[in-house]
Amino acid sequence: MSERDRTNPGAASYPSSGGGSGAGSSADTLTAIRLIAGRELTTRLRSKAFRVMTAIVLLVIIGTVLAFHLLPGIGSGGSKVGVLQADAALTQQITSAADAVGAHVDTVPVADEAAGRTRVADGTLDALVIPRESGRLQVVVQSELDPALQTALIVASRNLVQDKAIRALGGDPAEVNAAIAQAGVVVDPIKPPKQYDVQQLVLGAAAGILIYLSLMIGGQLVAQGVVEEKSSRVVELLLATVRPWELMVGKVLGIGALGMIQIVLYGVVGVGLSSALGTLTLSVGSAVGTVIWLIVWYLVGFVMYAFAFAAAGALVSRMEDASGVIMPITSFVIVGYVVGISVLPSDPSNSFAEVLSIIPLFAPTLMPMRLAMGGVPVWEAVMSLLLALATIPLLAALAGRIYRNAVIHIGSRVPLRKALARG
Amino acid sequence: MTTTALAIDGLSKRYGPVVALDDMTFEVRAGEIFGFVGSNGAGKTTTMRIVLGVLAPDSGEVRWEGRPIDAGIRRRIGYMPEERGLYPKMKVGEQLIYFARLHGMPVAAATAAARTWAETLGIASRFGDDVQALSLGNQQRVQLAAALVHNPAVLVLDEPFSGLDPVAVDVMSRVLAERAAAGVPVIFSSHQLDLVQRICHRVGIVKAGRMVACGSVDELRSGAGAHLVVTTPGAPAGWAAAVPGVTPLSTDGDTVALSLAPGTDDQSVLTAALAVGPVTEFSWRKPDLVELFRHVVTAEEAA
C-alpha cells in the first residue's frame, strides 16, 4: 500500500507499520508509550503551576534546614557556655559534669564578665557562668536556662564544693572523683532496645512527608490527566491510534518521571545542604542511603498507586467528580502516612506501624520512614519491598481492565461493577 | 474505483435492550467519497467507532483490502470523532505533530506535515496558539488537520461539516475530493444532504442500525419515482387533483409536485394546467437526496 504514501502533500513517505503483518508490534507499542509519556512530562515541566509548586517546596526544605542550623538547641551543636578565661578548673568541671549527665555542652572562654554578658545578649552564647563565693555558680542567660544545662551546672557546682572539702580534709579530689566514677549502675538488658538517633528520626519524618506529598500529588495528577482527556473528548482520538493500556502506561510513566525529578531534587538539596552546613552529622553513607531508599519507595509506591488512580479517573468524565472516585485510593496513602508521622518519631519500634509497613498498600509511606529512622531488620525491608513489587502487576491488571472498559464511556460515572464485568 | 478498500460486514451491536447496529453492511471503494446519512441515533457514529476499534462489535467484522482490520491498519486511518476532542492547553502545532507521531511518523515528517496542513486549512497563523484560544470553527479546522496530518490511507469523518462556515465547507470539500482523487477512500457522515449529494460518489442511508439504501446518488435518485413540477400562477387550488391518474404530492404556493400513475400522459396534465391559467414552469424532476431520505425513512417507519 506504499502507493498511497505518495499522496501526502507535506511529507515524503515514512516507514509505516501498515500492511497488517507488523501491526501492533512491540516497537510500535514502545514508541507510543514513549510519545505519550514524553507529552505528559514536557507539558507539565513547562507549566507554571509545576514550577511554582516545586520552587515553594524547595524553599520550604531550604528554610527548614537553615532553621535547624541557626536556631540554638535544635541542631546538633550543644549549649555554648561562656567561662571566664582565668577559670580553667571550672571549665574542666563543667565539661565532666555535662558528660556525666549526658548534656551537650561546649565551653567558650571569654575575656571578662562584661564581654560574656554582651555575647549572651546577642545570642552567640547560651549562658555565661561566673563562680561566686561558697561554690555557687551565677549563670547569665537571655531569659531561661536550658534544663539539661541547668542539671549539668548543678552537678558541676556540687563537685566544686566537694573537691574543696576533700582538699580541706587533706585528700586528693582527683583520686576521690576517680573512685566515684567507678561507682554506678551497670544495666544488663536481656533485650537491648534499639538506640535511635534524633537526626535519623527527623530524617525519617522528612522522608515520610516528602513521599506522602509526592504520592498524593502524583496520583492526583494521573487521575486528573485521565479525566482531562475524557472531558476534552480527546481520548477518542487517542484510542483510535493507541491501545488503552498503552495510553495508561504512558501517562503513568510520564507523570512518574516528573515526580521522580522532583523527589531527587528535594532529596539532594535537602540532604546536601544540611550536610554541607553541618546540621546533619550523620555519615554520608547513611544520608545517601536514606535518599536512595526514598527514591526506591517512591517508584514502587507511585507505580502501585498510579494505576489505581488512572482507573479511578477513567470512571468519571468531569473534573469535579474526580476527587470522589480517587478517595478510596488516597485513603490508603493517608492512613499509612498518618500512622507513620504520628507514631514513629516518638516510638520508632511501634509494632502496629511495623506490621503495617509490611502490608503493600501501606508500605510506600511507612517503610521509607522506618528505613530512614534505622533499626529495620533486613528481612522486613526485603519482604515489604517484595510484597509491594508483587502487588504491582495485580493492581495494574485490575486497573487496566477498569480503565479499558470505562475510559471510552463519556457521561455519567461508570459503575465499578460495570467497568470490571465486561471484557 | 472498483476495488473494495473497506468492507463493513454484518456489524451488530447492542447496549442492553437497545439495538445500535443490526447487520450493518456496506463497502467503500478506493478513491471514493462515501456519504453516510441517517437520522440521529441511526448507528452512523457507532459504525465509525467500530471501524476505528474504539468500540468492539458484538458480531460482524471490518475488513481492509480483504483482511480483518487490525491495529496497524487502524493507525493509518484519519479519524474525526463526532465528539470533537483536542488538548485544550496544547499548542496547535505541537498537537498536530504529536498526533502525526502517534500514527508512526518520524519527527521531521510530522513537523512538515503539520505545517502543510495548517496552511492548507488556513490555521497557519495560529500554529503557536493554544487550541482553547481558537474559535470553534478554527478548532474544527485543527480537528480536520489532526485527521489528515499523518497521511492516512483511509479517512473516517463523523460530521466533518457541522459548525463550519461556507468558506470552510468549501475548503473541506476540496480537501476530501483531493484525498479521494489520490486513491484514499473517504467515508463521512452528515446531515447536510445537499452537500452529500454534491460531493459524494456513493451514499448510504441508515435507519435503525441497518443500511436501507446504498448506491450512487444517481442510482438512488432514479430508483425512487420522479415527479412532475407545475407552476400555475392564479390557478385555483386543487386543480391538479381533478386530472385522471394524477396524485398531488406537495404544494408550495403556486407550485405543485405531482406523481403520475403509470401510463398517464404528462401532456394531458399540461393541457389541464393551461386550462386554468398561464403555466410558468412545467418539468420532470428527480427527487433530491432530501426527498429520497424522507421517502426511505418514512417508508421504513410505515412498514
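**Sheets, helices and confidence in a two-chain model**

Me: At about what angle does helix H9 (residues 266–276) of chain B run to E11(B)?
Reply: Helices (H or I, at least four residues) and strands (E, at least two) are DSSP runs numbered from the N terminus, and contact requires C-beta atoms, placed from the backbone, within 7 Å. Helix H9 of chain B lies across E11, E12, strand E13 (255–260) and E14 of chain B. With axes fitted to C-alpha atoms (for helices over the stretch in contact) and angles from 0 to 180 degrees between N-to-C directions, H9(B) runs to E11(B) at about 20 degrees.

Me: What kind of model is this, and what pLDDT do local features need?
Reply: Residues are numbered from 1 along each chain as its sequence is written, while chains are lettered from A and ligands numbered from 1 in the order in which they are written. This is a predicted model, in which totals for chains, interfaces and linings use all residues, side-chain atom pairs count only at pLDDT 80 or more, and local features need a pLDDT of at least 70.

Me: Which strands stand at the edges of the open sheet of four strands in chain B?
Reply: Two strands pair if DSSP finds at least two bridges between them, and in this sheet, ordered E12-E13-E11-E14 in chain B, the pairing is antiparallel. Each edge strand has a single partner strand, so one side of each is left without a neighbour in the sheet; the edges are strand E12 (246–252) and strand E14 (281–285) of chain B.

Me: Which residue of E14(B) stands opposite Thr231(B)?
Reply: Strand E11 (residues 227–231) of chain B and E14(B) run antiparallel and are joined by five bridges. Opposite Thr231(B), in E14(B), stands Glu281(B).

Me: What is the average twist from one strand to the next in the open sheet of chain A?
Reply: This sheet has four strands in the order E2-E1-E3-E4 of chain A, with mixed pairing. Strand E2 (105–110) and strand E4 (137–141) of chain A are its edges, each pairing on one side only. From one strand to the next, the average twist is 30 degrees.

Me: Which residue of E4(A) is the bridge partner of Val129(A)?
Reply: Strand E3 (residues 127–131) of chain A pairs with E4(A) in the antiparallel sense over five bridges. Within E4(A), the bridge partner of Val129(A) is Val139(A).

Me: At about what angle does helix H4 (residues 113–121) of chain A run to E3(A)?
Reply: Helix H3 (residues 88–101) of chain A lies across strand E1 (79–84), E2 and E3 of chain A, at about 170 degrees to E2(A). Helix H4 of chain A lies across E1, E2, E3 and E4 of chain A, and its angle to E3(A) is about 155 degrees.

Me: How many Å separate the centres of the two domains of chain A?
Reply: Domain bounds come from an automatic or database domain assignment, which in chain A gives domain 1 (80–176) and domain 2 (196–421). Taken over C-alpha atoms, their centres are separated by 52 Å.

Me: Over which residues of chain A does pLDDT stay under 50?
Reply: pLDDT is the predictor's confidence in each residue, from 0 to 100, and chain A averages 84, with 92% of the residues at 70 or above. Where pLDDT is low, the predicted coordinates should not be read in detail. In chain A, pLDDT stays under 50 over residues 1–24.

Me: Which element of chain B has the highest mean pLDDT?
Reply: Chain B averages a pLDDT of 87, and 97% of the residues score at least 70. Among its elements, helix H10 (residues 289–302) has the lowest mean, 69, whereas the highest, 95, belongs to helix H3 (residues 92–102) of chain B.
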